[in-house]
Amino acid sequence: MKPTSPSLETLQAAAPFSAVPPTPCSSRSIMVKEYDFFKVIQDYLDCAAKVINLQDFVRTILSQPKNEIIVNFPVKMDNEEVRLFKGYRVQHNNLLGPFKGGMRFHPSLTLDDVKALASMMTWKSALMRIPFGGAKGGIKFDPHAVSKAELQRITRRFTHALSDNIGPEYDIPAPDVGTNSQTMAWMMDTYSNMVGSANKQSVRGVVTGKPVASGGTLGRAKATGQGAVYCAIEWAAEKNFNLEGSTMMVQGFGNVGSHFAVILSRLGVSTVAVGDHSGYMVNPEGFNAHKLQDWVIANGSIAGYPGGKAVTREDFFKQKADIFAPCALENQVGESEARLLDCKVVVEGANGPINPSGEKIVLDKGIDIIPDVLANAGGVTVSYYEWVQNKRSESWTEEEVDSKLEKAMIRAYREIGDFARQHKVDRRIAAYALALSRIEAVYKEREIFP
Ligand code: NAD
């Protein structure tokens with residue numbers, strides 16, 4: 001017989017975090033009227049800075065990225081028309097190591113979003129004790145609306161436009177929304193063809209998230225979902241919650257969401273609700289996460305998948321499930337979605353999925369949040385392993401990668417928990433505070449040039 005999961009009341013009684021009030025920072029209670037992702041991240045930064053009395057000069061430096069690069073580049077489309085594309089690369093900080101972060105291809109990408117995402121990469125690398133800084137970039141366009149040949153030309157021309165600003169020791173892109181290992185293969189190939197024959201082999205580490213045959217690492221494709229699963233396992237252990245026989249709902253069934261669902265399904269967690277840009281579906285008996293993942297790879301979205309009942313977005317958020325994993329985009333859970341949520345924990349696979357108004361309601365309801373900078377840090381962690389393997393001309397087994405990742409995730413999870421209990425703050429602020437204190441320690445030692 002499957003053990004039953006404890007009720008939310010039982011969990012709350014046992015929970016070390018639900019008893020902790022959110023950090024009393026004015027920034028945490030801001031009501032988001034006009035959503036401004038970069039401002040939201042700045043407010044978290046301010047809040048965590050107060051908790052650790054961050055030195056003003058460090059706060060000042062971190063308040064803006066070091067470099068904001070915008071490139072406009074022409075690409076010949078299949079119909080011979082020339083289209084101009086706008087690409088971004090924001091390099092937030094490289095104190096701890098090369099700039100590092102994903103490339104997003106999305107029609108509504110803005111410079112401010114990229115700034116927010118780039119700064120989160122700085123916190124994530126520091127939190128995970130990885131010798132990288134933070135960056136992010138992308139192109140404002142819909143990658144699903146162009147042919148594969150056009151996609152390749154757009155990616156290569158963008159890489160060419162950025163070539164003086166990236167490099168294996170300087171700034172290392174990776175996949176994000178709308179990009180994947182194929183995109184990285186094109187980026188690496190373009191870059192390596194620009195550095196001269198003698199250097200070609202030494203620059204494979206210019207991007208991570210490459211296909212394994214082109215110098216990628218085993219375990220990278222699933223790494224972000226895998227890291228989020230390690231967090232869910234730690235959370236369950238902490239709460240004495242039995243994952244086997246429990247339920248999850250997943251928003252976004254791309255790289256992060258689908259791997260999260262597939263890996264957790266092996267531990268007996270059933271996916272009862274899913275959603276993506278094409279719509280939402282429920283199945284009280286549980287979706288076959290593997291088959292759904294294959295479907296999305298073949299068809300580009302969950303639309304038309306046989307074995308689920310289509311529901312509205314509102315109905316999706318109303319579903320009862322133990323775990324909610326938002327793995328799509330930022331600002332998906334505001335006040336109204338937060339009021340509907342009926343789960344025990346939110347595992348933030350996406351960056352910034354809950355806005356501050358939604359977050360307040362979620363925390364007030366006693367729902368735990370495993371924050372993005374921890375929950376999705378498996379991606380950058382395994383990217384670091386890939387970069388190290390490229391440097392050393394090694395290839396590690398998947399078991400080695402997974403076991404290193406598991407240790408890194410558990411350590412970060414527990415450090416955040418300890419900090420949160422000690423300072424009576426929630427996990428997001430604890431994660432930011434830990435990251436900031438590590439960055440501050442280095443600034444204090446090195447001071448400011450000149
Ligand atoms: P992806 O492109 O593989 O998948 C994105 C998913 O979100 C798709 O299922 C898409 O249909 C869905 N989506 C897009 N717009 C939506 C909308 N308006 N409503 C509902 N669903 C929508 O991207 P990914 O790599 O899985 O990234 C997802 C999130 O995880 C992003 O926030 C990204 O920054 C974050 N992240 C990704 C990685 C990584 O390694 N890929 C690492 C860390 C964080």
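Here is a short walk through one buried arginine and some aromatic rings. The model is predicted, so local features need pLDDT of at least 70 and side-chain atom pairs pLDDT 80 or more, while totals for chains, interfaces and linings use all residues. Residues are numbered from 1 along each chain as its sequence is written, and side-chain values use heavy atoms, with hydrogens and water left out.

Let's start with Arg438, in helix 16 (residues 427–446); helices here are DSSP runs of H or I, at least four residues, and strands are runs of E, at least two, numbered from the N terminus. Arg438 is buried at 17% relative accessible area, where buried means under 20%, exposed over 50% and partly exposed in between (1.4 Å probe, protein chains only). Its side chain makes a polar contact with the side chain of Glu415 at 2.8 Å (N or O atoms within 3.5 Å, one able to donate a hydrogen and the other to accept it; residues adjacent in sequence count only if both atoms are side-chain atoms). A polar atom of that Arg438 side chain also lies 3.1 Å from the backbone oxygen of Ala126.

Now the rings. The structure holds 21 aromatic pairs, meaning Phe, Tyr or Trp (six-membered ring) centres within 6.5 Å, with planes under 30 degrees apart stacked, over 60 edge-to-face and the rest tilted. Phe99 and Tyr170 are edge-to-face, 5.4 Å centre to centre and 85 degrees between the planes. Phe99 sits in strand 3 and Tyr170 in the loop between helix 5 and strand 5, so this pair ties together parts 71 residues apart in sequence. Phe99 is buried at 1%, whereas Tyr170 is partly exposed at 32%.
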